[in-house]
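The following paragraphs give a guided reading of a protein model with a bound ligand. They begin at the ligand and then turn to the sheets and to the backbone.

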Amino acid sequence: MNTLLNDANTPGGMVEDTAEIIKIRGGRPLSGRVEVKGAKNLVTKAMVAALLGETASVLHDVPDISDVAVVRSLLEVHGVRVDEVEGEEGTLRLDPSGVESAHMEEIDAHAGASRIPILFCGPLLHRLGQAFIPDLGGCRIGDRPIDFHLDALRKFGAVVEKQPNGIRLSAPQGLRGANIHLPYPSVGATEQVLLTAVRAKGVTELKNAAIEPEIMDLIAVLQKMGAIISYEPNRVILIEGVDALRGYDHRAIFDRNEAASWACAALATDGDIFVGGAKQQEMLTFLNVVRKVGGEFDIHEDGIRFRRGGALRPVSVETDVHPGFMTDWQQPLIVALTQAHGESIVHETVYENRFGFTDALVKMGANIVVHPHGLQDGPRRVPRRNLEQAATITGPTPLHGADIVVPDLRGGYSHVIAALTAEGESTISNIGIISRGYEKFLSKLQLLGADFDIVG
Ligand code: EPZ
């Protein structure tokens, strides 16, 4: 029987999505349908790519999230005209014909808590011969350095000068193709190389590249613009620089992080959620874990439906670069694992410090132990890096309400889902941060049947 009664995208009676503090009364399953739009981690990069074109670009399925707003205003201070296309919700037209240098203070004021500004380097160096990048924000989940980015830019011939509040780059001789071997398949550094190499003189060979679906979609965007990029075996990408690029017309790949988040919400609360727009191919690894943990999913043309298939079972997962289990999926999964029968293990190998959010779950009654230096025993797929933080989650534990201040985007989402799973009332503050990556978050919760009030 289809229990999917609500449509979280139907307007009318919607809550405001700008709250900072909510009071949640938990213990009710979340059921209904939510739509996911374009992936935050592609849309923001495709917007930066528009800077490289000589004509305007059109991007469809842009979610209304604050990371998009940050990139939009950074593009605007650099003279890019950004307009919503009338009659087409979520479509932006980006016209870079008036690109100009911006003042350092202006850039700093618009950079917000985002890491995207670092990706402006290559495009601005090509367009203007110089760039200023303020000190970066982003979620506090480890050191998150930018050394791979700067080393790659230097190889292209950029001169990097550290300043008190950011970095200034120039390219007195122009940028030329380079041979780059990343120490780790970093998503951002791969995008940096792509966005720089497409207009550099000559060929760039990038080894140990990240190959996430969002990166493949960025390559598709760049190819539409006139770039020549080939993807070789073993994480090698070849880019033949071209003299000029034009605008693109592109529909962004769906947000598989948001899709996985709602799937975990269905498992944690024993609900039934249809995620419109989710596709199987990009989520294969996640779907395997859903099956192992005892979840059910049905693949439809227009989305995927998630629910429990019985009691939840424990699993052992290790986060990794694509095609592994994404680091952004572990936080909502852990909330569901608090309800599984037995001990689960989650190894975090992408970031040094991404289990901080579990403190709040413990406060709510979860049995989670974080092992900062990993576990001696226990299944490891491929012990890879020196980042071997692990968490063991023993369940099922009833959760109870608590007062929580959310720390970051994915951790914050997980806290809200934990509060909805818990019996009793929780007050969750700083939830504005969740709108960095989840469009209409509170409206979607409301239409899935969550019981909450906005209190600030
Ligand atoms: C992207 O971050 C995403 N952000 C992250 O999503 C995601 O978790 C991550 O990729 C991994 O998939 C965006 O796309 C905006 P990395 P990014 O460079 O590009 C180290 C979310 O919640 N590293 O692949 O910054 C780094 O410290 C966010 O949506 C260096 O050491 O990730 C980390 O340990 C959070 N030096 C590892 O590499 C560098 O110069 C992977 O980072 C760059 C990275």
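A polar contact, as the term is used here, is a pair of N or O atoms within 3.5 Å. The model is predicted, and side-chain atom pairs are counted only at pLDDT 80 or more. With that cut-off in mind, the ligand can be examined. In the side chain of Ser186, a polar atom lies 2.6 Å from an oxygen atom of the ligand. Arg410 likewise places a polar side-chain atom 2.7 Å from a ligand oxygen atom. For Arg354, an N or O atom of the side chain is 3.3 Å from an oxygen atom of the ligand. How much of the ligand's accessible area does the protein cover? On its own the ligand has 830 Å² of accessible area, and the protein covers 93% of this. Four elements each give two or more residues to the surrounding shell: α1 (40-49), α5 (147-155), α6 (187-197) and α12 (409-421).

The shell as a whole consists of 25 residues, and the closest of them are Lys45, Asp147, Ser186, Val350 and Arg410. By residue class, the shell divides into 11 nonpolar, five polar and nine charged residues. Where does the ligand lie with respect to the two domains? Domain 1 (4-36 + 254-454) and domain 2 (40-251) both contribute residues to the shell, and the ligand therefore lies between them.

Attention now passes to the sheets. One is an open sheet of four strands in the order β9-β10-β12-β11, and its pairing is mixed. Its edge strands, β9 (179-181) and β11 (228-232), each pair on one side only. On average, neighbouring strands in this sheet are turned by 15 degrees against each other, direction ignored. The pairing of β11 with strand β12 (residues 236-240) is antiparallel and extends over five bridges. Within this part of the sheet, Ile229 stands opposite Ile239 in β12.

Another open sheet has three strands in the order β6-β8-β7, with antiparallel pairing. Because β6 (130-134) and β7 (159-163) stand at the edges with a single partner strand each, one side of each is left without a neighbour in the sheet. The average turn between neighbouring strands of this sheet is 20 degrees, again with direction ignored. Strand β8 (residues 166-170) runs antiparallel to β6, and five bridges join the two. Here Gln130 stands opposite Ser170 in β8.

The backbone itself also deserves inspection. Most residues other than glycine have a negative phi, and most peptide bonds are trans. Which residues are joined by a cis peptide bond with omega of about 10 degrees? They are His322 and Pro323, and Pro323 is placed in the loop between β17 (316-318) and α10 (330-337). The peptide bond from Gly395 to Pro396 is also cis, with omega near 0 degrees. Pro396 is found in the loop that runs between β20 (389-395) and β21 (403-405).

The remaining feature concerns phi. Asp270 is a residue other than glycine with a positive phi, near 60 degrees. The loop that holds Asp270 lies between α8 (256-269) and β14 (272-276).

Note on methods:
Residues numbered from 1 in each chain as written. Predicted model: local features only at pLDDT ≥ 70, side-chain atom pairs only at ≥ 80, totals over all residues. Heavy atoms only, no water. Near = heavy atom within 4 Å. Polar contact = N/O pair within 3.5 Å; in protein donor to acceptor, adjacent residues only side chain to side chain. Areas by Shrake-Rupley, 256 points an atom, 1.4 Å probe, with all protein chains shown as cover. Nonpolar A, V, L, I, M, F, W, Y, C, P; charged D, E, K, R; others polar. Domains from an automatic or database assignment. Pairing = 2+ DSSP bridges. Axes fitted to C-alpha atoms, helices over the stretch in contact; angles between N-to-C directions.
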